[in-house]
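Biologist: Please put the structure on the screen. I want to know how each label is earned.

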Amino acid sequence: MLRLDSIPFKSVFYRLKAFFQRQQWKETVIFFFFLLLSAGFWYLQSLQEDMELELSLPVKYKNVPAHITLADNHPQAVVVRLKDKGLVMLSYVWLYKFAPLEINLKSLSEEADGEITVPRKTIESGILRQLTSSTTLLGFEPQTIEVHYAELGSKELPVVADVTVSPEPGFQQSGDMRVTPGKVLVYANTAMLDTLHELRTIPMELKNANRTCELTLRLQSIAGVQMDEREVKVKIPVEEFTEKRLVIPILCEGLPEDYTLHTFPSEVEVVCNVPVSRFGEVAEKDFEIRIPFREFEAARMMGQLAVRLSKRPSWMNPPALHPETVEFIIEQHTGL
């Protein structure tokens with residue numbers, strides 16, 4: 001077996017040391033040092049001279065009108081040729097990050113043949129904005145951009161606010177949510193439009209609400225559908241509520257002239273929660289318990305019937321009734 005202590009390490013070390021101390025090796029090291037130094041000076045000198053550079057700038061199309069869809073063959077990049085000092089060109093390559101060339105389609109006119117032309121001036125100004133004042137723009141390709149598009153069908157859809165409201169104790173939602181705008185114009189192909197009936201906002205839960213709230217909510221995206229509006233405002237009326245008690249008589253609808261109806265009791269207490277601001281507006285005239293005679297007649301053998309409100313304010317949640325059922329007697333008058 002080879003032992004490490006058997007290798008003449010010291011002998012190898014001294015031989016290498018003697019080699020590097022030779023005059024020829026010293027001359028070689030000095031030669032390469034000055035060679036690299038002269039190459040560095042030459043490179044620095046070349047950076048002070050004018051150079052040309054070719055770059056590719058990506059193109060980004062923004063503000064696409066909602067009623068059109070772009071074809072897939074529009075240019076994705078513009079090739080530019082620049083001229084400036086070598087140092088500036090080096091910074092363009094290694095340090096500077098060019099932003100995409102943004103084409104605002106909303107500011108350009110649509111042509112009748114399904115084409116939008118981006119003029120040379122628009123492209124040139126977008127390039128020059130990203131260059132230093134010393135850089136010369138020698139040219140770019142393409143000189144103009146032709147964007148092909150297709151018209152979409154349109155349909156106006158109602159907006160539904162997908163908001164769950166959880167008020168603080170003692171508070172309630174005092175009315176319907178109001179969405180502005182209530183309808184939004186959407187664009188898609190005919191087959192897609194036929195399947196759409198409404199737009200919904202992004203789901204949201206409003207917790208511990210104790211006042212009227214106004215929210216700005218985004219509409220849910222639908223693949224293949226473009227919209228005139230991406231956001232809507234939602235107003236949710238929330239107020240402090242209090243309890244109000246009213247006594248409403250029981251009325252029978254369609255009672256024959258030769259019949260008499262007796263209910264026990266003859267009146268029902270209605271217990272409702274109303275906003276503090278509308279407490280004085282709510283009165284007995286806003287409620288009605290009117291039951292058809294045929295229902296009494298159908299329940300005649302049992303002698304009792306559940307009561308219900310046939311009229312109440314549309315904005316009010318269903319009130320509680322006390323009692324919920326009443327007993328009754330039907331008397332028929334016979335002629336003498």
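Biologist: What makes the contact between Glu295 and Arg308 a salt bridge?

Modeller: The rule asks for a side-chain nitrogen of Lys or Arg within 4 Å of a carboxyl oxygen of Asp or Glu. Here the N to O distance is 2.9 Å. That is within 4 Å, so the name fits. The two residues are 13 apart in the chain: Glu295 is in helix α6, and Arg308 is in the loop between β22 (304–306) and β23 (320–322). Helices (H or I, at least four residues) and strands (E, at least two) are DSSP runs, numbered from the N terminus.

Biologist: What kind of model is this, and how are residues numbered?

Modeller: The model is predicted: local features need pLDDT of at least 70, side-chain atom pairs need 80 or more, and totals for chains, interfaces and linings use all residues. Numbering starts from 1 along each chain as its sequence is written, and side-chain values use heavy atoms, leaving out hydrogens and water.

Biologist: Are Glu295 and Arg308 buried, exposed or in between, and how do you know?

Modeller: Buried means under 20% relative accessible area, exposed means over 50%, and partly exposed is in between (1.4 Å probe, protein chains only). Glu295 has 23%. Arg308 has 40%. Both values fall in the middle range, so both residues are partly exposed. Elsewhere, salt bridges with shared partners join Asp162, Glu198 and Arg200 into one network.

Biologist: How many salt bridges are there, and how do you know that Arg245 and Glu243 make one?

Modeller: There are ten in the structure. For Arg245 and Glu243, the closest N and O atoms are 3.1 Å apart, so the pair passes the distance rule. Arg245 is partly exposed at 46%. Glu243 is partly exposed too, at 44%.

Biologist: What does Arg278 do with Glu281 and with Trp315?

Modeller: Arg278 forms a salt bridge with Glu281, with the closest N and O atoms 3.4 Å apart. Arg278 also lies over the face of Trp315, at 4.1 Å from the ring centre. The rule for a charge over a ring wants NZ of Lys or CZ of Arg within 6 Å of the ring centre and within 35 degrees of the ring normal. The value of 4.1 Å satisfies the distance part, so that test is met. Lys244 also meets the rule: Lys244 lies over the face of Phe279, at 4.4 Å from the ring centre.

Biologist: Why is the pair of Tyr92 and Phe98 called tilted?

Modeller: Rings of Phe, Tyr and Trp (its six-membered ring) pair if their centres lie within 6.5 Å; planes under 30 degrees apart are stacked, over 60 edge-to-face, and the rest tilted. The count by this rule is three aromatic pairs. Tyr92 and Phe98 are 5.5 Å apart, centre to centre, with 50° between the planes. That angle is neither under 30 nor over 60, so the pair is tilted. Tyr92 and Phe98 are both buried.

Biologist: What makes Phe296 and Phe328 edge-to-face?

Modeller: The centres are 5.1 Å apart and the planes make 80°. That angle is over 60, so the label follows. Phe296 lies in helix α6 (residues 293–298) and Phe328 in strand β24 (residues 325–332), so the pair ties together parts 32 residues apart in sequence. Phe296 and Phe328 are both buried.

Biologist: How do you know that β8 and β13 pair?

Modeller: Two strands pair if DSSP finds at least two bridges between them. Two bridges join β8 (residues 153–160) to β13, and these strands run parallel. So the rule is met. Val159 stands opposite Leu199 in β13.

Biologist: What sheet do they belong to, and what makes a strand an edge there?

Modeller: Four strands form an open, mixed sheet in the order β13-β8-β12-β16. The edges are β13 (199–200) and β16 (226–227), since each pairs on one side only.

Biologist: Which strands does β1 pair with?

Modeller: Strand β1 (residues 50–62) pairs with β3 (residues 77–85) in the antiparallel sense over nine bridges. In β3, Arg81 is the bridge partner of Glu54. β1 also pairs with β4, in the parallel sense, over four bridges. There Val59 stands opposite Leu101.

Biologist: Why is Leu95 called exposed?

Modeller: Leu95 has a relative accessible area of 73%. That is over 50%, so exposed is the right word. Leu95 sits in the loop between α3 (86–94) and β4 (101–104).
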